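This report takes the structure shown here one step at a time, from the chains as wholes to the places where helices pack.

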Amino acid sequence: MSGDPHLELGESLPRFLSHWLAACFGHFLMVLLPLITDWAHVKNATWPSWWSLLLFAASTSLVAAIINANLPVTPREMIKSVALGFALNATIVMLRLA
Amino acid sequence: MPDPLHHGLNQSRWPKRIGRLIDAICLVALIVVIVTVIYGFWLRAIWAHGYYLAVAVAVLGAFVILIGLAQQAIAARDVATWRDMAEWQIRAARAAAGQAGATQADPDDEIEANAAAYYEILIGTLVAHAEQDERSIVDER
């Protein structure tokens, strides 16, 4: 008999949405880690408004979600989405695109 | 010999226990990431009060992710239970049909439609047909 269908590759909307959310969390982690590590110095830095941050994260995470939409929703695969969201934001920061 | 029906991510060379351990570690890492993000938004919200809404959105997203994970785990367990039950049923039907075939000389002519053995042989035939179909699908690939 075939194996567990929940562990097989294949795109579906729930998978897309959960990987999208996970990639958004990766994006936020990249934004917020400087604030947590030395928050005394970043206190007065200029920050984007919360909704523009959310929209920016949502739009870049779409790329990560499209790439990872065929992976099952397990913690092991979600971590990959988080890492991809983090990496996409890091790329944008390095290239000073935003 | 690799089973051609097995594709996707459930064909692993590693023992199951290591896979489960990695899954558990990844779950902890995921929760740490989520908590860090919510904490970071909270720190930011102390200065810019609009960020409280971002905290709310992050908490909502975390709930959606965790509920999705839990639902997936429950569904996978249910599928496994159903498969076990069906396989047990098929084995029992085969055993009963085999017994009926051994005791009766000519089961095709003698058997009555109301007898319990009739349904058992019917299930046996259906299972044989299904296995044949499955084999032909595999051969086509």
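## Two chains and their helices

Read along its sequence, chain B follows the pattern α-α-α-α, and there are 4 helices and 0 strands in chain B. Helices (H or I, at least four residues) and strands (E, at least two) are DSSP runs, numbered from the N terminus. Chain A likewise comes to 4 helices and 0 strands, and from the N terminus on the elements of chain A run α-α-α-α.

This is a predicted model, in which local features need pLDDT of at least 70 and side-chain atom pairs count only at pLDDT 80 or more, while totals for chains, interfaces and linings use all residues. Residues are numbered from 1 along each chain as its sequence is written, and chains are lettered from A and ligands numbered from 1 in the order in which they are written.

The table sets out burial and contacts for each chain. A residue is buried if 20 or more other C-beta atoms lie within 10 Å of its own, exposed if 12 or fewer, and partly exposed in between, with C-beta atoms placed from the backbone. Two residues are in contact if their C-beta atoms, placed in that way, lie within 7 Å.

| Chain | Residues | Buried residues | Share of contacts (separation of 6 or more) that join residues 24 or more apart |
|---|---|---|---|
| Chain A | 98 residues | 38% | 85% |
| Chain B | 141 residues | 11% | 33% |

## Helix α4 of chain A

Helix α4(A) has 20 residues and reaches 28 Å from its first C-alpha to its last, which is close to the 28 Å expected at 1.5 Å a residue, where the expected span is 1.5 Å times one less than the number of residues. Among the buried residues of α4(A) are A:Met78, A:Val82, A:Leu84 and A:Leu88. After the helix comes A:Arg96, whose phi is positive, near 50 degrees.

Within chain A, helix α3 (residues 50-68) packs with α4(A) at an angle of about 140 degrees, their axes 9 Å apart. Axes are lines fitted to C-alpha atoms, for helices over the stretch in contact, and angles run from 0 to 180 degrees between N-to-C directions. That angle makes α3(A) oblique to α4(A); angles under 35 degrees count as roughly parallel, over 145 as roughly antiparallel, 65 to 115 as roughly perpendicular and the rest as oblique. Residues of α3(A) including A:Val63, A:Ala64 and A:Ile67 meet residues of α4(A) that include A:Leu84, A:Leu88 and A:Ile92.

## Where the chains meet

Which helix of chain B packs with α4(A) at an angle of about 40 degrees? The partner is helix α1 (residues 16-47) of chain B, which lies with its axis 8 Å from that of α4 (residues 75-94) of chain A, and the two are therefore oblique to each other. Among the residues that make this contact are A:Met78, A:Ile79 and A:Val82 of α4(A) and B:Cys26, B:Leu30 and B:Val33 of α1(B).

Taking the chains as wholes, 39 residues of chain B are in contact with 35 residues of chain A. The largest share of the side of chain B that touches chain A, 16 residues, comes from α1(B).
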